[in-house]
Amino acid sequence: MPEPVLVRPMLFGSLFRRAPAPGGKVLVAFASQTGAAETIAWRTANALAGASLVKVAALGSLDTAEIAEAGTLLVVTSTYGAGEAPDSARAFERKQMAQPGAFKGLHYAVLARGDRKYDATFCGFGKSLDRWLAASKARRLSDVICVDGDDDTAAMTKWCELLTRLGATTSVEQLMPGPPQDWFLAERRLLNPGSAGGETWHIALTPREPAHLNWTAGDIAEIWPRNSEAAVEEFLATHNLNGELSFRWRGYWTFLRDIIAHSRLPRSHEVEGIALDWLVERLEGFPPREYSIASLPQSGCMELLVRKAVRDDGSLGLGSGWLTQVAPVGGVIKLRLRPNPNFHPPRDGAQILIGAGTGMAGLRAHLQHRQAKKLGDAWLLFGERGEKTDLYYCDDIKGWQADGTLTKTNLVFSRDASPRRYVQNLVTEQGDEVRRWIEGGASILVCGGLQMAAGVQDALVAIVGQEKLDQMTQDGLYRRDIY
Ligand SMILES: Cc1cc2nc3c(=O)[nH]c(=O)nc-3n(C[C@H](O)[C@H](O)[C@H](O)COP(=O)(O)OP(=O)(O)OC[C@H]3O[C@@H](n4cnc5c(N)ncnc54)[C@H](O)[C@@H]3O)c2cc1C
Ligand SMILES: Cc1cc2nc3c(=O)[nH]c(=O)nc-3n(C[C@H](O)[C@H](O)[C@H](O)COP(=O)(O)O)c2cc1C
C-alpha cells in the first residue's frame with residue numbers, strides 16, 4: 001500500500017468559497033442506493049470528528065428544521081433512475097424539495113456521485129439538491145462536486161480539500177475505496193442451457209485471504225474486468241513493450257502488464273511513436289462491474305449469478321464476458337466488496353421477496369440468511385422465462401419450502417404463458433394477500449432489473465398506496481437492489 005498523501009490546505013486558492021471556522025456543528029447527510037455514497041459519508045464524518053461536532057443521518061430521515069439547525073451541511077448523494085434520488089430520498093425530493101426551505105446561515109456542500117454514461121442526468125439529483133439549498137438561502141462552500149464512479153481521484157481531491165478547510169485531517173486515499181483484492185475463480189456453471197434468454201452462469205469465487213470471506217446478505221461485489229492473458233501478451237509483444245516496468249496508475253505502483261490487462265487495448269496508431277509515460281496516462285482503464293452476492297460467507301465462497309451480455313456484433317459484455325467466458329477457472333479475479341446497507345436484512349419478521357432473472361442472486365443470499373436464523377414466514381415471488389430452462393437454484397427453493405424458510409412461493413414464466421405474464425402481474429394478482437402481509441408488518445425486498453422493479457413498484461402502489469410505501473422505505477421495510 002502506498003503512503004497516504006496528505007492534502008495541504010494552502011493549495012486550494014480560489015476553488016472554495018469562504019468556509020466557516022472549524023469546530024462548529026456539521027451534519028453529514030447521505031442518500032445512497034447501493035452503498036457507495038453512504039461509505040463516503042461515513043468516511044467524511046470520521047475525518048471531521050476530531051475538529052467538529054459531527055452527526056451522520058440519511059437525508060430522507062431529516063426534516064427542514066433539523067437541516068436548518070446545523071451550522072454546516074455536507075450532503076453525499078448518488079443519482080438513480082433518470083436523474084432521480086435514491087429510494088431513501090425519493091419522498092424527501094417530492095415533499096421537502098417542492099418549495100425552498102429557510103436555511104439562512106447554513107453553509108453547505110454537495111458531493112454528487114454518478115456515472116457519466118447517463119449523460120444529461122449525470123449527478124442529476126445532487127445538482128437539484130445543490131440548487132434547492134442555494135434557493136433556500138444556504139451558503140455554498142463549494143460548487144457541487146460531481147464524482148464519476150469509484151476512481152475519480154480528481155473530484156475526490158476537491159472533496160478532500162474542502163474537508164481539510166473544515167478542519168479534517170484526511171487524505172484522498174482515506175476517503176476513497178481501497179484497492180481490489182485477489183479472489184480465485186473456483187467454479188463456473190451454465191444454469192440455463194437451451195433458454196430463450198441470455199446465458200446465466202453460477203460463478204463461485206474464493207478469496208486469497210480467508211479474512212475477506214466477510215459480508216452481509218445484500219452486499220455487492222465489484223469486479224474488475226480484464227483482457228485475456230493471451231491478448232495482453234500479444235499486445236506487449238507486438239509493440240515491443242516490457243510488461244515488468246511499473247508506473248503509478250490509479251494511485252498505485254502497477255506493472256505495465258497489469259495496467260494493459262485492465263485497460264481498453266489501444267489501436268496501433270494510438271501506440272506507435274508515443275512515449276510510454278504518456279501512453280499509460282492516456283489508457284482507458286476498465287471500470288468495475290457490480291454484482292449482487294448470491295451467498296453468505298458461511299458457505300466458504302462467494303457465489304454470483306451472472307447473465308452473459310452479448311452485443312449486437314457478437315462481442316461479449318466486458319464484466320459478464322470476463323466472468324462467464326474469458327477468465328480461466330483457477331485464475332485471479334480482482335474484486336472489491338461494497339457494503340450495501342440499503343439492502344441489508346430488515347428487522348426480523350415476515351418478508352416478501354420479489355425478483356426476476358439474475359435478481360435471484362440477492363434474494364438467495366437473503367433466503368440463506370433467513371434459513372440460518374430460522375425466521376420462517378417468507379414469501380417468494382419470482383419470474384423468469386421458461387420453467388424447464390430457467391428455474392435456477394430449484395433445489396434451494398425446494399429446500400427452503402421443506403424446512404419452512406419459505407411459507408409461500410409463486411413462480412411465473414413469461415414464455416410459458418400467452419399473453420406473457422411477469423412477476424409484477426403476479427404481485428397484482430396476489431394483491432389482497434400482499435396487503436394482508438404488509439398490514440401484518442412484513443418487509444419487502446425487490447431485486448433485479450429496473451423495468452421489473454418499476455412494474456413491481458407500480459403494482460405495490462396500487463395495492464397499498466404511495467404514502468404507505470414511502471413510510472416503509474423510511475422504516476427500512478421496503479428495500480431494493482436494482483439495476
Ligand atoms: C447494484 C447492481 C447489481 C447488479 N447485480 C447483477 C447480478 O447479480 N447479475 C448480473 O448478471 N448483473 C448484475 N448487474 C449488472 C452488471 O453490473 C453489468 O451491468 C452487466 O453484467 C453488464 O455488464 P457487462 O460489462 O457484461 O456489459 P457491457 O460491456 O457494459 O455491455 C452491456 C450492454 O451494453 C451495450 N453495449 C455496451 N458497449 C457497447 C458497444 N461498444 N457496442 C454496442 N453495445 C454496447 C450492449 O447492449 C451490451 O449487451 C448489477 C448491476 C448493479 C448496478
Ligand atoms: C439503475 C441505475 C440508474 C442510474 N442512473 C443514474 C443517472 O441518471 N445519473 C447518474 O449520474 N448516475 C446514475 N447511476 C449511477 C449511480 O449514481 C452511481 O453508480 C453511484 O455511484 C451509485 O452510488 P450509491 O451506491 O451510493 O447509490 C445509475 C445507476 C444505476 C444502477
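Biologist: What makes the Arg 338 and Glu 290 pair a salt bridge?

Modeller: Keep in mind that this is a predicted model. In it, the closest N and O atoms of Arg 338 and Glu 290 are 3.0 Å apart. The cut-off for a side-chain nitrogen of Arg and a carboxyl oxygen of Glu is 4 Å, so the pair counts as a salt bridge.

Biologist: Which parts of the chain does that pair tie together?

Modeller: Arg 338 sits in strand E14 (residues 332-338) and Glu 290 in strand E12 (residues 289-292), so the link ties parts 48 residues apart in sequence.

Biologist: Why is Arg 338 called buried or exposed, whichever it is?

Modeller: Its relative accessible area is 7%. Buried means under 20%, so Arg 338 is buried. Glu 290 comes out at 45%, between the 20% and 50% limits, and is therefore partly exposed. Both belong to one network of salt bridges with shared partners, together with Arg 113, Asp 150, Glu 222 and Arg 336.

Biologist: How do you know that Arg 257 and Glu 244 form a salt bridge?

Modeller: Same kind of check. The N to O distance is 2.6 Å, and that is within 4 Å, so the pair qualifies. Arg 257 is in helix H8 (residues 256-261), while Glu 244 is in the loop between helix H7 (229-238) and strand E10 (246-249), so the pair ties together parts 13 residues apart in sequence.

Biologist: Why do Arg 257 and Glu 244 get the label they have?

Modeller: Arg 257 has a relative accessible area of 26% and Glu 244 has 48%. Buried is under 20% and exposed is over 50%, so 26% makes Arg 257 partly exposed. By that rule 48% makes Glu 244 partly exposed too.

Biologist: And what makes Glu 187 and Arg 189 a salt bridge?

Modeller: Their closest N and O atoms are 2.8 Å apart, which is within 4 Å, so they pass. Glu 187 is at 31% relative accessibility and is partly exposed; Arg 189, at 40%, is partly exposed as well. Across the whole structure, the search finds 30 salt bridges.

Biologist: How many of the salt bridges run between domain 2 and domain 3?

Modeller: There are 2 between those domains. The domain assignment puts domain 2 at 181-338 and domain 3 at 345-482, with domain 1 at 9-175. Glu 384 and Arg 307 form a salt bridge, with closest N and O atoms 3.0 Å apart. The two domains also have 9 residue pairs in polar contact. On the domain 2 side, strand E13 (302-307) and strand E8 (200-207) each supply at least two residues to the side touching domain 3, and E13 gives the most, with 5 residues.

Biologist: How do you know that domain 2 and domain 3 bury area between them?

Modeller: Interface size is often given as the accessible area lost when the parts come together. For domain 2 and domain 3 that is about 1,600 Å², 57% of it on carbon and sulfur atoms. Their C-alpha centres lie 31 Å apart. The contact takes 24 residues from domain 2 and 20 residues from domain 3.

Biologist: What makes strand E18 mostly covered?

Modeller: Of the 6 residues in E18 (residues 443-448), 6 are buried. In a regular strand, side chains alternate between the two faces of the sheet. In E18, Ser 443, Leu 445 and Cys 447 are on one side and Ile 444, Val 446 and Gly 448 on the other, and all are buried.

Biologist: How do you know that E18 is paired with strand E15 and strand E19?

Modeller: At least two bridges are needed for a pairing. E15 (residues 351-356) and E18 have 5, in the parallel sense, and Ile 354 stands opposite Val 446. E18 and E19 (residues 478-482) are also joined by 5 bridges and run parallel, so both pairings meet the rule. In E19, Asp 481 is the bridge partner of Cys 447.

Biologist: Where is Gly 218, and why does it count as buried or exposed?

Modeller: Gly 218 is in the loop between E8 and strand E9 (220-224). At 3% relative accessibility, under the 20% limit, Gly 218 is buried.

Biologist: How far is Gly 218 from Asp 481, in sequence and in space?

Modeller: They are 263 residues apart in sequence and 7.8 Å apart in space, C-alpha to C-alpha. Leaving out residues up to four places away in sequence, Gly 218 touches Asn 340, Phe 343 and His 366.

Key: Residues numbered from 1 in each chain as written. Chains lettered and ligands numbered in written order. Predicted model: local features only at pLDDT ≥ 70, side-chain atom pairs only at ≥ 80, totals over all residues. Heavy atoms only, no water. Buried < 20%, exposed > 50% of the residue type's maximum accessible area, 1.4 Å probe, protein only. Helix = DSSP H or I, 4+ residues; strand = E, 2+ residues; numbered from the N terminus. Domains from an automatic or database assignment. Contact = heavy atoms within 4.5 Å. Buried area = accessible area lost by both parts, 1.4 Å probe. Polar contact = N/O pair within 3.5 Å; in protein donor to acceptor, adjacent residues only side chain to side chain.
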